[in-house]
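Hi,

Here's the structure I promised to send over. Have a look at it first, then read on for what turned up.

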Amino acid sequence: MAQRPSRRIVAVLSISIVAFGLIGGSAGAATPKLQRMLDGIVASAEGPPGISVLIDSGKRKRFFRAGVADLSNRRRPQPDEHVRIASVAKGFNAFIAATLAARPKSLSLRETLGASIPGVLPSAERVTLTQLLQHTSGLPDYIRAPAFVETFLADPAAYLSPTQLTDFVRDEPLEFRPGSRYHYSDTDNIAAALMEEVAAGRTYTSLLRSEVFRPFGMRSSSLPETIKMPRPFMHGYEIEQGKKPADVSELINPAGAWASGGIVSTPADLSRFVPAYVPTILRASRSLAKAFRPGKSSPPGPGKNFAGLGIFRYRTRCGDIYGHTGSFPGYRLFVAGSAKGGRSVVFVVNSQIVPGQGSQRVAAAIRRAQARAVCRALR
């Protein structure tokens, strides 16, 4: 049994769980504005200890950083440091679904829960895989269920199986008619991954290795079942004004987010995934009647957000970019690429400063810096 967290950490976690489903030196004078923005964010009294940004402009990759990855030794952020990618993991889930759907007699995006995993979520038997990945299923979010909150706060380090997660809302009715509207729910991605396991006859961890990690050389990516982070890693902190930052990197078991947000990766690995992820999902979306609809990712990404099939379109002043954001205690991410995947941004903040939590001034500044990074990638 893990050590019970302090009252401060418990208070932090009580707020953070709704976002569970939930990387030296200046980059140089050639791009001073983005670097100044990053430096300003970490210099704020309520800012994160560090930020790392890996940008692929199509011709070369450039790494920007500000602050530190570890307050204990003042180590600077690096592109090969591990981070919890939170809901960016939903993009991996959608990629696997689209990959399986492209194979004969494997998995259809029109497959229903009742046909694939009967009895797991009785009220959602007629919900399709597409509706799960688009967050239009109507399934309640297990992370908001009182029983999950109680279980989680009792022991944040405890392992929870995927079916334990769905059991928290198993007997709950749908919140709306499937397909009628958008509502971001982590339960969607747990159910989708269970369907993928049945279709492939393999575990979701095995699917990640065979369909994503190995093909794209992502040697530093994994789906852990314990709180321990692979070394080296960018430490994640809880920031509270007037108090010393609390290291929450190894406090929460990511199994509680599983296919919805449990993956650990690095900025370098994530930039290898984007060129395949974005085009694959956009191809799979062509057969859908409504590929994108208004809907913010959690946390919101830069520009105007539109929700798609396990992917979001971010419409910025410099053009459209596609990807996903993530929020996990200690981390905030934005990972996106151009339509063909050749240009990308991996933006990591080592504190969960998001709308509704932490400094809202800093949260807004992070979003503006993300938009600036998009312009660097697209232009």
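Something to try before you scroll: how does Asp-320 count by its relative accessibility, buried or partly exposed? Asp-320 comes out as partly exposed, because its relative accessibility is 26%, and the cut-off for buried is under 20%. Keep in mind that this is a predicted model.

The reason I picked Asp-320 is its partner. Its side chain meets that of Arg-315 in a salt bridge, at 3.0 Å from N to O. Arg-315 is partly exposed too, with a relative accessible area of 40%.

Now for another group of charged residues. Asp-70, Arg-75 and Glu-81 are joined into one network by salt bridges that share partners. One of the links in there runs between the side chains of Arg-75 and Asp-70, with 3.6 Å from N to O. Have a look at how these two sit: Asp-70 is buried, at a relative accessible area of just 6%, whereas Arg-75 is partly exposed at 26% relative accessibility.

Further along, the side chains of Lys-243 and Glu-240 form a salt bridge as well, and here the N to O distance is 3.4 Å. Lys-243 has 45% relative accessibility, so it counts as partly exposed. Glu-240 is also partly exposed, with a relative accessible area of 30%.

And how many salt bridges does a search of the whole structure find? The answer is ten, and the pairs above are among them. Have fun tracking them down on screen!

Cheers

Note on methods:
Residues numbered from 1 in each chain as written. Predicted model: local features only at pLDDT ≥ 70, side-chain atom pairs only at ≥ 80, totals over all residues. Heavy atoms only, no water. Salt bridge = Lys/Arg side-chain N within 4 Å of Asp/Glu carboxyl O. Buried < 20%, exposed > 50% of the residue type's maximum accessible area, 1.4 Å probe, protein only.
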